[in-house]
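Okay, thanks everyone for coming. I'd like to walk you through one model today, so let me put it up on the screen.

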Amino acid sequence: MRTALLLATLLTACAAKTGASGDTIALLQRMFAEDPGSPAVLYTFARVREDVGDYPGALAWLAQLERSEFDDAIDPEDFRGSLRRPEVRAIAGRLAARARVRTASAVALTIDVPELMPEGHAYDPRRDRFLLSSGRQRKVVAVDRAGRAADLTRAGQDGLLAVLGMKVDVTRDWVWVASTHAPFMADPSPEARGHSTIHAFDLATGETRAAVPYARTPSLLNDLDLAADGTVYATDSHSGAVISVRDGELRDVLPPGSFEGPNGLALAPDGEQLYVADFRGLHRVALASGTITSLRPPTGARTLGGIDGLYFHDGALIGVQNILGRGRVWRLPLAADGTLAAAEILETGRADYRNPTTGTFADGDFYYLANPRSRAGEPLRLLRLPLAASGRA
């Protein structure tokens, strides 16, 4: 999740003028020293200055971004104030002119549910319907193939907070969700500030099957994945930990500080390796030992930081990257040793992108929302991205 909470965790701390921002500013400065041309770092520094109204500062960082290998257009929603300056508009125009464009998806359906603020996606194969999480309305919504939406859960059901990542448990016929307190959610409770939960709901009835509170505060449980034995893995984007839930017991798989703003995660088919995306890039975790291996981006992928949704498909990782620019979808084939063998951009440069976040698989293809951050009166557009178009099953 980028604009609502993950970016708030990373950027708001950076932008603050108090000592509390020191750790995050130090991270960005350290990353800049390590790689002064990193588009992710340059874009984020520009966002930091934008968010505190320092438009000359944003201009300076955007000028550096233009001199880097950044190959996307900036998201105008990220730089509303700065774009009033002709110098910034000129940079934005030049970046847009050289941006890569690949629009392989088609609109599968439109969904007209105002103020849903969806983050997570899942597919219910038994009922042939899509599931969307609502950060704003604190619930899970089911959507049929005609785009008709109906609530699966009640708002705030059994302590449900802003709903983020989701995963369907086909064996139990449940959907697991991560939820966290957020200032934009309906009826935010001061008592719940900094808290997160893991819930499971019955897909047939919507009834609560599990509600596991996360004791660590502040926290931001964000995305999750599910093992064959029923273990749920989730990222805590605030502390940098990865946790698991098994038989109602929540424990640390990797402690706080293991990652920088971890978000998407994907369990390998063998159940022994967990891939985690954070601000720096992609990492492989050997679950038996807890060993973390940071993966070098392959040729053609200047930076893989800021991937939101992350999934396994046909020997490759599918990742939705949205920390910089308008967003893109990657296909990252894996080598036999678990490293990244190659990189292919499946989708980038769509004019209708409004912060794409996560997705799901159905019919052998990848479905995701073009515009979770939709404008007032604009319906949500669920895109269908063919994965067999290049000979992949």
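Before anything else, one bit of vocabulary: when I say buried I mean under 20% relative accessible area, exposed is over 50%, and partly exposed is in between. And keep in mind that this is a predicted model.

Let's try those words out on a pair of charged side chains. Glu207 makes a salt bridge with Arg209, with the closest N and O atoms 3.4 Å apart. Arg209 has a relative accessible area of 38%, so we call it partly exposed. Glu207 comes out at 43%, so that one is partly exposed too.

Now go over to Arg172. Its salt-bridge partner is Asp169, and here the closest N and O atoms are 2.7 Å apart. The two ends sit in different classes: Arg172 is partly exposed at 35%, while Asp169 is buried at 4%.

And a third pair, Arg350 with Asp352, where the N to O distance is 2.8 Å. Are these two buried or exposed? Arg350 has a relative accessible area of 10%, which is under 20%, so it's buried. Asp352, at 15%, is buried as well. Salt bridges can also link up through shared partners: Asp124, Arg126, Arg127, Arg129 and Asp173 are joined into one network that way. How many salt bridges are there by this rule? The count comes to 34.

Okay, on to helix 3, residues 39–51. What span should its 13 residues have? At 1.5 Å a residue we'd expect 18 Å, and the end C-alpha atoms are 18 Å apart, so that agrees. Eleven of the 13 residues are buried, so the helix is largely enclosed by the rest of the structure. Have a look at which ones they are: the buried set includes Pro39, Leu42, Tyr43 and Phe45, and also Arg47 and Glu50, in case you were expecting no charged residues there. If you step just past the end of helix 3, you get to Gly53, which takes a positive phi of about 80 degrees.

Next, the second largest pocket. Its volume is about 600 Å³. The elements that give two or more residues to its lining are strands 3, 7, 11, 15, 19 and 23. There are 32 lining residues, and the ones nearest the centre are Lys167, Val168, Asp225, Leu226 and Leu267. What is the lining made of, by class? It has 20 nonpolar residues, seven polar and five charged.

Two more residues and then I'm done. Tyr368 is in strand 24, which covers residues 365–369. With 0% relative accessibility, Tyr368 counts as buried. Its side chain has a polar contact of 2.6 Å with the side chain of Tyr353. If you want another landmark, take Arg331: 37 residues away along the chain from Tyr368, with 14 Å between the two C-alpha atoms.

The other one is Ser219, in the loop between strand 10 and strand 11. Ser219 has 6% relative accessibility, so it's buried. What does the Ser219 side chain reach? The backbone oxygen of Arg216, at 3.2 Å.

That's the tour. Shall we go to questions?

Definitions and conventions:
Residues are numbered from 1 along each chain as its sequence is written. This is a predicted model: local features need pLDDT of at least 70, side-chain atom pairs count only at pLDDT 80 or more; totals for chains, interfaces and linings use all residues. Side-chain values use heavy atoms; hydrogens and water are left out. On a 1 Å grid over the protein atoms alone, a cavity is a set of points where a 1.4 Å probe fits but cannot get out, and a pocket is an open set with protein on both sides within 12 Å along at least five of seven lines; lining residues have an atom within 4 Å of a point. Grid points are joined across faces, edges and corners, and a volume is the space filled by probe spheres set on the points. Helices (H or I, at least four residues) and strands (E, at least two) are DSSP runs, numbered from the N terminus. Ala, Val, Leu, Ile, Met, Phe, Trp, Tyr, Cys and Pro count as nonpolar, Asp, Glu, Lys and Arg as charged, and the others, Gly among them, as polar. The expected span of a helix is 1.5 Å times one less than its number of residues. Buried means under 20% relative accessible area, exposed over 50%, partly exposed in between (1.4 Å probe, protein chains only). A salt bridge is a side-chain nitrogen of Lys or Arg within 4 Å of a carboxyl oxygen of Asp or Glu. A polar contact is a pair of N or O atoms within 3.5 Å; within protein, one must be able to donate a hydrogen and the other to accept it, and residues adjacent in sequence count only if both atoms are side-chain atoms.
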